[in-house]
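Here is a short tour of a structure for someone who works at the bench. Have a look at the sequence and the model first, then read on for strands, neighbours and the way the chains meet.

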There are 4 protein chains.
Amino acid sequence: MAPRKLQVGVAGLGRMGKRHALNFHQNVPRAVLAAVSSPDAAERQWAEENLAPHGVAVYESYDDLLAHAGLEAVCVASATSVHADQAIKAINRGKHVLCEKPLGTTVEISQTVVDASEQHPELKVMCGFSRRFDASYRDAHAKVQQGIIGRPAILRSQTCDVLDPSGFFVAYAQFSGGIFVDCSIHDIDLALWFFGEDESRVKSVHAVGITAVEPNLRKHNDRDNAVGTVEFYDGRIAYLYASRMMAAGQEDVTEIIGTKGKLSVNLLPAENHVRIYEPGGIRQELPQNYWGRFQAAFTTEAIEFTESVLEDKPVPVKLRSAVAAVKIGAALQESMITGCKIWFDEDGNRTPKAQL
Amino acid sequence: MAPRKLQVGVAGLGRMGKRHALNFHQNVPRAVLAAVSSPDAAERQWAEENLAPHGVAVYESYDDLLAHAGLEAVCVASATSVHADQAIKAINRGKHVLCEKPLGTTVEISQTVVDASEQHPELKVMCGFSRRFDASYRDAHAKVQQGIIGRPAILRSQTCDVLDPSGFFVAYAQFSGGIFVDCSIHDIDLALWFFGEDESRVKSVHAVGITAVEPNLRKHNDRDNAVGTVEFYDGRIAYLYASRMMAAGQEDVTEIIGTKGKLSVNLLPAENHVRIYEPGGIRQELPQNYWGRFQAAFTTEAIEFTESVLEDKPVPVKLRSAVAAVKIGAALQESMITGCKIWFDEDGNRTPKAQL
Amino acid sequence: MAPRKLQVGVAGLGRMGKRHALNFHQNVPRAVLAAVSSPDAAERQWAEENLAPHGVAVYESYDDLLAHAGLEAVCVASATSVHADQAIKAINRGKHVLCEKPLGTTVEISQTVVDASEQHPELKVMCGFSRRFDASYRDAHAKVQQGIIGRPAILRSQTCDVLDPSGFFVAYAQFSGGIFVDCSIHDIDLALWFFGEDESRVKSVHAVGITAVEPNLRKHNDRDNAVGTVEFYDGRIAYLYASRMMAAGQEDVTEIIGTKGKLSVNLLPAENHVRIYEPGGIRQELPQNYWGRFQAAFTTEAIEFTESVLEDKPVPVKLRSAVAAVKIGAALQESMITGCKIWFDEDGNRTPKAQL
Amino acid sequence: MAPRKLQVGVAGLGRMGKRHALNFHQNVPRAVLAAVSSPDAAERQWAEENLAPHGVAVYESYDDLLAHAGLEAVCVASATSVHADQAIKAINRGKHVLCEKPLGTTVEISQTVVDASEQHPELKVMCGFSRRFDASYRDAHAKVQQGIIGRPAILRSQTCDVLDPSGFFVAYAQFSGGIFVDCSIHDIDLALWFFGEDESRVKSVHAVGITAVEPNLRKHNDRDNAVGTVEFYDGRIAYLYASRMMAAGQEDVTEIIGTKGKLSVNLLPAENHVRIYEPGGIRQELPQNYWGRFQAAFTTEAIEFTESVLEDKPVPVKLRSAVAAVKIGAALQESMITGCKIWFDEDGNRTPKAQL
């Protein structure tokens with residue numbers, strides 16, 4: 001008797017949507033990619049060629065996707081600006097949801113997804129913080145839990161994309177929420193995860209940014225390089241760097257510094273185990289994008305989400321973490337644009353200045 | 001309409017057999033693990049608990065496995081000493097075969113599999129040289145083909161296992177063919193692959209070995225550390241090191257040195273991207289065994305073997321390579337034991353001494 | 001005919017003073033260590049045993065050192081709080097001066113040394129920013145000048161000391177000026193050097209700090225871990241981390257990120273070329289202190305200072321750089337303690353808030 | 001009272017001779033470079049310009065160098081073919097001798113230096129095995145002595161020069177003794193040092209070589225890439241690689257593998273602490289020659305040799321080690337040319353075949 005498989009649909013077939021669709025199709029033994037949707041004709045064409053021959057239904061309308069017979073779960077991989085709407089629609093139609101990060105570009109929008117989810121405790125709703133599924137981050141987290149670095153006190157983390165000279169990121173910036181919400185959200189989530197989601201109440205945030213290669217980002221109140229500092233009430237600090245202009249490749253590096261030791265994750269990025277010796281020195285190639293670095297993590301994410309649905313277990317990442325991360329990311333973005341440091345009181349409300 | 005899936009059986013459920021079985025079960029979308037067999041009760045017990053609930057048939061007898069209704073292909077993962085027999089039986093029963101390396105411990109035995117295969121050109125028969133499916137080795141091979149290191153002239157390669165203080169390798173040595181046939185066979189295969197399988201005619205081999213930690217290996221004419229040199233007629237050299245006593249973990253390193261550059265593969269083994277900073281320095285953990293290093297390669301191997309059967313394409317590794325590798329490995333083993341350098345003429349026959 | 005050698009005195013024989021004294025004695029062919037001074041009896045005892053036998057005069061009083069017959073130059077290596085006084089005294093006695101960093105803990109004090117120096121243009125006065133003499137930093141700087149990373153836009157730099165459980169740093173903190181003036185001053189100087197000392201006008205600074213291991217530092221308005229951000233008017237950012245609690249060793253790392261590439265310096269610190277393979281992984285030892293990392297740089301510094309005196313050439317590091325660095329360091333320290341971001345106008349004056 | 005300094009002369013001003021001369025002149029506080037000699041006019045011209053102004057006498061004739069008033073010690077840095085003659089002459093004139101490796105290209109010639117030295121036990125005579133003075137090798141050796149890798153059993157070591165397309169090495173090969181005597185001599189010396197000079201009796205050697213880039217080397221019975229294996233009677237193996245065609249730079253790597261751990265020295269060569277991030281990946285530059293890697297070791301060597309003379313202490317490297325190393329190097333060279341494995345009995349005499 002063949003075991004039951006989860007019927008999954010993927011909404012959005014852009015850069016990430018295609019990857020999620022193929023991932024569910026090829027790498028998740030307990031799931032079946034049943035349907036996909038995209039408002040974009042070229043994207044649907046791709047699906048007709050690559051997915052339809054394997055029995056995957058292709059829709060233009062997201063509503064039609066939700067109406068697909070037997071569909072049980074949706075992976076929302078569309079533009080950030082519609083993440084929340086699509087997630088809520090799916091929840092209201094009784095579908096489990098794996099939503100790409102961030103839930104929304106503001107706390108308010110993100111919270112609406114949490115609210116909808118709380119109305120449907122029978123549904124699994126998860127925000128896809130892919131790094132929590134990466135083997136190296138998991139190993140680091142387990143080591144911290146074991147106490148090998150003492151109490152973690154400082155977290156340095158960066159999300160740095162390779163320079164894309166096509167200007168893609170300028171257009172993208174109108175909807176992305178900005179570099180802190182789009183990129184650093186991962187690093188913020190790591191800070192919450194490594195410092196403890198329950199204890200970590202943010203005290204202040206401060207950020208600065210520049211446009212070193214893409215001055216047009218200023219039109220959308222965005223920057224191409226940004227540095228942020230997040231201070232927590234229990235005496236911990238996360239400091240973050242995000243960039244859109246790496247020359248060598250994707251550089252997502254994290255250091256967790258504790259009172260008795262330190263862990264680094266991906267300090268020296270590498271595409272694989274090959275080194276090239278040539279005139280000029282020894283060279284190591286890098287992954288060229290986020291997927292290249294985290295492909296296996298996305299697979300684990302999809303497998304574990306599927307398992308949590310099929311076995312009715314809690315999802316591995318609590319949904320409200322996603323709101324906490326957006327709160328910090330949006331404040332950093334605001335601080336970068338206004339130049340002002342932003343303070344929070346111990347209840348999480350904005351305040352003119354915290355008591356020192 | 002669901003696409004057709006290949007019905008696969010796995011013979012042998014020892015250390016590698018279990019891994020192959022789980023691999024076909026979980027990671028090969030186009031294959032179904034239909035049945036397994038093992039003469040060992042404990043191994044079958046494991047299969048009853050872990051595979052049978054998913055619909056996998058469990059047999060004591062290999063013949064019963066071959067008789068399993070609908071079975072199309074067999075993965076031979078039993079003891080080296082029965083590889084050839086089981087492969088030939090499967091071929092004669094009309095099954096495609098993926099056979100763990102080596103085909104046999106001697107050229108003569110290995111050749112019998114090739115002979116059987118040639119009687120059945122309609123069947124896919126492949127010897128599993130897993131490194132040929134590893135992303136890093138493939139990248140290195142592609143770079144060599146592109147000419148970036150000029151003409152490859154020297155290959156250094158090692159297969160070094162972590163020390164297993166249980167003495168497992170002593171018992172294992174009676175049937176393994178010895179350290180050069182069991183471990184270095186991978187490095188020899190890499191030399192043939194990187195130097196060109198068609199051009200590479202061996203001229204001489206020489207080896208020395210010691211028993212640094214396991215003197216009992218001498219009973220089986222084996223050693224725990226061995227160094228071998230293989231000279232080819234077209235002016236190339238491969239030199240090999242194999243060991244059973246690594247302290248830190250699995251260390252399988254290869255360097256390909258050409259007239260214009262060099263490639264190294266896995267020069268500094270690492271379990272993942274984590275580094276541990278602690279009193280004493282910075283530490284990086286290592287994979288603890290061959291599977292830890294090459295797990296993804298085994299998956300690719302199984303996927304590509306499955307694809308070659310389903311789509312009737314040539315298998316990615318020619319079967320006769322496996323005989324060429326055993327020929328060199330067995331000669332190295334002999335040289336290590338006798339102390340004598342062994343020469344071959346240009347036709348591949350043993351000769352008292354090659355003309356210089 | 002033996003060439004003329006510079007007669008040098010070293011003031012202060014604490015941790016750094018001893019090193020400077022031995023450095024001039026052993027490693028600077030064109031200098032002679034003529035005399036040393038220290039108010040501390042134990043330090044003088046060390047000098048009596050280690051230096052006096054080689055003809056070095058040992059004084060209790062700094063004035064006596066200055067009066068030593070034939071003395072031409074002084075290396076001020078005493079406590080930070082007397083750097084400026086001793087330097088000015090030496091200048092007024094007609095001695096060339098190599099002064100340990102920082103000149104003083106405030107801009108005003110530091111400026112007094114510059115003023116004194118400007119009264120005596122015939123004397124060489126240099127502040128010892130040792131990293132400018134390090135072969136790796138020099139190589140990086142030359143590469144930036146060659147344009148290989150485009151325009152440098154972001155500088156990340158850290159000065160991280162190994163944890164000293166003796167509590168030494170608490171007592172030290174009363175006079176050091178605090179972690180940004182004592183440690184990060186090096187990183188600030190690097191920012192000025194890599195971004196261009198003439199162009200780099202600071203726009204804002206912001207810092208946060210914690211006491212993760214030494215709460216007593218708060219008595220002296222200091223912290224044991226601190227993160228600072230420095231924004232410059234020409235659209236560049238330096239972000240800094242300083243720590244007193246590294247487990248593995250001295251970790252002084254710098255990254256210079258440009259529009260076309262990046263350089264890292266000492267990303268993975270190592271004591272030497274040895275790696276240790278052991279159960280647990282591969283380990284690399286680290287230098288245990290600043291001297292261990294920069295010993296050769298101190299020698300180059302002393303050699304070049306000596307040469308600039310003997311050959312009447314400009315000193316390699318302009319003295320006023322030292323004031324610019326202290327200005328930023330002291331503002332970061334203030335920001336860390338008050339929690340307030342500090343702004344400067346384009347003329348370098350404090351301002352309530354810069355125009356955005 | 002100024003302490004006494006050793007009056008040193010350097011014989012030979014070729015590539016290495018210039019370096020030795022400058023080294024003694026600049027970096028050895030207790031030595032004075034008093035005189036140099038070279039039969040080559042261009043080399044003497046260089047000395048007239050660079051050394052004579054500092055009071056160094058320049059001679060054409062080596063005999064005149066030896067006759068220089070007050071000369072106490074000679075550093076023999078001339079062509080390998082005259083090492084022994086010059087060393088013996090110096091000994092007979094009562095001079096201490098630091099002789100570049102190898103003493104000679106044969107055991108017989110090398111032994112003549114030992115014999116002369118034994119006639120003059122009052123003189124310090126040392127062969128300059130520079131790696132024994134390198135901080136990393138010394139650290140590794142100390143760690144082995146402490147037992148952290150158990151019993152050392154396997155040593156892998158390579159001396160690999162960057163490709164010099166000028167063909168210099170072809171002319172050089174007539175006098176160098178060949179690649180094993182010229183390059184691998186260092187690795188052989190390391191094997192003797194790490195395995196224990198007193199215990200290590202060689203049992204067999206075997207070597208193969210190719211001319212991948214310089215076929216003309218065959219005229220001088222030499223090769224540009226060579227692999228050798230050395231077996232010792234106490235169950236240890238050293239295996240060596242030497243090359244003249246590295247693309248990236250000087251690659252002198254050693255691994256010492258013991259029963260409980262392993263040490264690697266310089267596994268990933270680097271010019272300094274800088275990494276370059278650029279399209280194509282992360283790059284690290286390498287030293288371009290032996291001096292670039294071992295400059296500090298040469299300084300330590302000169303300092304310690306000087307000290308052993310001034311303080312009448314034993315030299316740090318026993319002279320007879322140099323003969324043992326040449327014995328193995330010359331045998332490897334012969335094996336490479338003849339194709340024959342060479343055996344020694346337990347007394348060190350050549351034998352048709354050792355008893356197994």
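Two strands are said to pair if DSSP finds at least two bridges between them. Helices (H or I, at least four residues) and strands (E, at least two) are DSSP runs, numbered from the N terminus. With that in hand, take C:Tyr277: its bridge partner in S12(D) is D:Lys262.

Before going further, some housekeeping. This is a predicted model, in which local features need pLDDT of at least 70, side-chain atom pairs count only at pLDDT 80 or more, and totals for chains, interfaces and linings use all residues. Residues are numbered from 1 along each chain as its sequence is written, chains are lettered from A and ligands numbered from 1 in the order in which they are written, and side-chain values use heavy atoms, with hydrogens and water left out.

**A strand that pairs across chains**

C:Tyr277 belongs to strand S13 of chain C, residues 274-278. How many of its 5 residues are buried? The count is 5 of 5, so to speak a mostly covered strand. Buried means under 20% relative accessible area, exposed means over 50%, and partly exposed is in between (1.4 Å probe, protein chains only). C:Val274, C:Ile276 and C:Glu278 point one way from S13(C), while C:Arg275 and C:Tyr277 point the other way.

S13(C) has a partner in another chain and one in its own chain; here they are together.

| Partner of S13(C) | Bridges | Sense | A bridge pair |
|---|---|---|---|
| S12 of chain D (residues 262-265) | 4 bridges | antiparallel | C:Tyr277 with D:Lys262 |
| S14 of chain C (residues 281-284) | 3 bridges | antiparallel | C:Glu278 with C:Gly281 |

S13(C) and S14(C) make a hairpin with 2 residues between them, and C:Gly280 in the turn has a positive phi of about 110°.

**The parallel sheet in chain A**

Strands of a sheet pair through backbone hydrogen bonds, either parallel or antiparallel. Chain A has an open sheet of 6 strands with parallel pairing, in the order S3-S2-S1-S4-S5-S6. Its edge strands are S3 (57-59) and S6 (125-128), each pairing on one side only. Neighbouring strands of this sheet are turned by 20° against each other on average, direction ignored. Helix H10 (residues 290-310) of chain A packs on the sheet and touches S1, S2, S4, S5 and S6, with its direction at about 160° to that of S5(A). Axes here are lines fitted to C-alpha atoms, for helices over the stretch in contact, and angles run from 0 to 180 degrees between N-to-C directions.

Within the sheet, S4(A) (residues 73-76) and S5(A) (residues 96-100) pair in the parallel sense over 4 bridges, and A:Ala73 stands opposite A:His96. A:Glu72 sits in the loop between helix H3 (62-66) and S4 of chain A. Contact means heavy atoms within 4.5 Å. Leaving aside neighbours within four places in sequence, A:Glu72 is in contact with residues including A:Arg4, A:Leu6, A:Lys95 and A:His96.

From the UniProt record, an unreviewed entry, residues 7-123 of chain A are listed as "domain: Gfo/Idh/MocA-like oxidoreductase N-terminal". UniProt positions are given in the numbering used here, feature names are shortened, and annotations may be inferred rather than shown by experiment. Over residues 7-123 the chain is 46% helix and 21% strand, and the end C-alpha atoms are 14 Å apart.

**A residue in S2 of chain C**

Is C:Leu33 buried or exposed? C:Leu33, in strand S2 (residues 31-37) of chain C, counts as buried because its relative accessibility is 4%. Not counting residues up to four places away in sequence, C:Leu33 touches C:Val8, C:Val10, C:Ala21, C:Phe24, C:His25, C:Leu51 and C:Val56.

**How the chains meet**

In all, 28 residues of chain A are in contact with 28 residues of chain B. About 2,400 Å² is buried between these chains, with carbon and sulfur atoms giving 49%. Buried area is the accessible area (1.4 Å probe) that two parts lose on being put together, summed over both. In chain A, A:His273, A:Arg275 and A:Tyr277 lose the most area to chain B, together 27% of what that side buries.

Chain A superposes on chain B by a rotation of 180° with 0.0 Å of shift along the axis (RMSD 0.0 Å). Copies are superposed by least squares on the C-alpha atoms of residues with pLDDT of at least 70 in both. 100% of the interface residues of chain A are also interface residues in chain B, so the copies meet through the same surface.
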